[in-house]
Amino acid sequence: MWLPSYATPSERMMRILVVVFAILVMLFLIAPLFIIVPLSFSKDPFFTLPVREYSLRWYADLFGNPRWMEAMVNSGIAAVLTTIFATTLGTLAALGIARPDFPARRFVMALLISPMIVPIVIVAVGSYLFFGQFGLTNTRAGLVFAHTALATPFVVITVTATLSTYDTNLTRAANSLGASGLSAFFRVTLPNILPGVISGAIFAFATSFDEVVVALFLTAAEQRTLPVQMFSGIRDQINPTIMAAATMLLALSILLFAALTILTRKKAR
Amino acid sequence: MTASPDIERIRTFVAVRRAARPARRAAFSLALPLVAFLLIAFVAPILYLLVTAVDNPETKTVLPQTLTALESWDGASTPEEAVFAALAADLKIAQENSTAALVGKRLNYEISGMRSKVLAASRMVAGMDAGPYREAFLDQSDLWAAPETWAVIQRNGASLTPYYLLTAVDLKQSPTGGLERVQPDQAIFLTILGRTLLVAGMVTAFTLILGYPVAYVLTIAPKTIAAVMMLMVLLPLWTSLLVRTTAWVVLLQSDGVINSILMTLHLTAEKVQLIFTRVGTVTAMTHIQLPFTILPIYSVMRSIQPTQLRAARSLGAGPTSAFWRIYAPQTLPGVVAGCLMTFILSLGYYITPALVGGPQDQMVSNFISTYINRDLNWGLAAALGVVLLIVTLAIYGLFLRLVGADKIKLG
């Protein structure tokens, strides 16, 4: 299988070993993610497999607890606002960078990507100290501000990637046919790069919704997000309600990932 | 006379640049909102952190009269009454404004025991109407007689201090102003930095060993199988880091899944301690970083022509030699990109060591958080941040040189 006809027996053996090894690594990648799902449906409050009896009690716990519900709503609001700001700013910047006359492209690109690179604790502590000067700690505005900075690199990367396959002559054609700059953008450019923009938006949403460390530093009880609630829970005493929350987050990730995969497949066609 | 061709060329160049200026400006103006936003919301907080690492306001604001009085001090003996009187005046004000603890805590970093002495002294002078103060202070503690104490107070009159940054690399200023190593029992920060680099290095090595064959199999597998495999690589990347860490907390627990499997298979008679260990931390981090290493390697491997290997073989190279001499060198750019990315990201880990690691596995990030939240020592937290940032940016610079920011792809 998958080998040229001139392969020696030892080469075939080697190939089989490599494939088996890769399968084991794949298992290592995937299995830990799904271990939490059966545990969240277990009736017992401890974490052993196989599950003896299934129940929805931890989900009832999760949805019946106002603290968890509030945390979910807070996360949702912060993520939606972050998505709107990051997508707008990131798409605009990508449009500029994709132009051939963009000055100091390498430097600007390095700056725009750096929120992905700088250790998250440095961003969190810096924001905590700096935003504190303006009363932005323990506010939703401060959290959205910091999350937007963290999310923009994803939008810049995805939109720049889409723009590299976009034919700028289309914009020129629209302009020569009398469309204004804005109208050409909304009616010609945007529909063409939409998959990239939406991918970026999905990434931005996921970045904010999953982010723990900055939220840990910048929020008080009222703005507490779902990941912060989970983190504090695990630190205290890990309980199966956290498994239910983790399973919900996993389901959301799979949903977003599926949306993205369908989107990029369409683009490839 | 006509201008020389060189000058003519320069003139043309300048004219072309000038003509292109409006276009450059238009292109940049599109990126301007994001650049400006990042400067405010991202760069400014980091710069503020850098300033916090050298900021030294306590002594200057709480003991201004003392610092003035110390200007005429000889630096070698116990100061005269005038200095003690100035200190008493400062501490009386400090006692009223409750700022004595502030300066006490700051001086305590450099002279242990100073915090309680300053607090006791400020309570003492609050009850005194007039001097002489020198005797009273000297009765209270020998620390007030030591010239070193006054040297430290004097030195901290400066609004900037190297103290936190030096501490973050296990150095301190000697009384004479030179640099020296701190006592071995206090020298913990280079160990922590070394540990952070070691863990990041181990994680990078493991992701490479595990990821390289996976990337290779991705390139040779039939299309549908490769697509399924790709989903399996990308899905963990999409899953929240906290969820993946939670999964490892559950797996590694003493009563957790891995231990119950080991016991069922009779591989161990007793429960193995996995959570709160280095093994657990590195395993979880390797799991989380694996996709970051695989993807760049895969994208380079995909572009290598399989016919090259065939050519090598037909020219007499054995399979091993063909792999190492023809295939592996060409995958190097991907290996460098993937490993540097994983190394950079591993340096900044916080959540996973905090939840899966033990006290001996805490990285620089965890100490930064502890100094902010528990010890309220912002200066030291900021200084550790500066050290971590410098190391990270140095490797990011290497990444930019060798790979380039525009090569970062998301799946």
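This tour moves through chain A by itself and then to its contact with chain B in a predicted model. Residues are numbered from 1 along each chain as its sequence is written, and chains are lettered from A in the order in which they are written. Local features need pLDDT of at least 70 and side-chain atom pairs count only at pLDDT 80 or more, while totals for chains and interfaces use all residues, and side-chain values use heavy atoms, with hydrogens and water left out.

Select chain A and colour by secondary structure: 11 helices and 0 strands appear, where helices (H or I, at least four residues) and strands (E, at least two) are DSSP runs. The radius of gyration of chain A, taken over C-alpha atoms, is 23 Å, well over the 18 Å given for 269 residues by the globule rule (2.2 Å times the number of residues to the power 0.38), so chain A is more spread out than a compact globule. Along its principal axes, the C-alpha trace of chain A spans about 70 × 70 × 30 Å.

Next, show both chains and select the residues in contact (heavy atoms within 4.5 Å): 89 come from chain B and 91 from chain A.

Zoom then to A:E11 and B:R313, whose side chains meet in a salt bridge at 2.8 Å, N to O; the rule, a side-chain nitrogen of Lys or Arg within 4 Å of a carboxyl oxygen of Asp or Glu, finds 1 salt bridge across this interface. Finally, select helix α1 (residues 5-54) of chain B, which gives the largest share, 22 residues, of the side of chain B that touches chain A.
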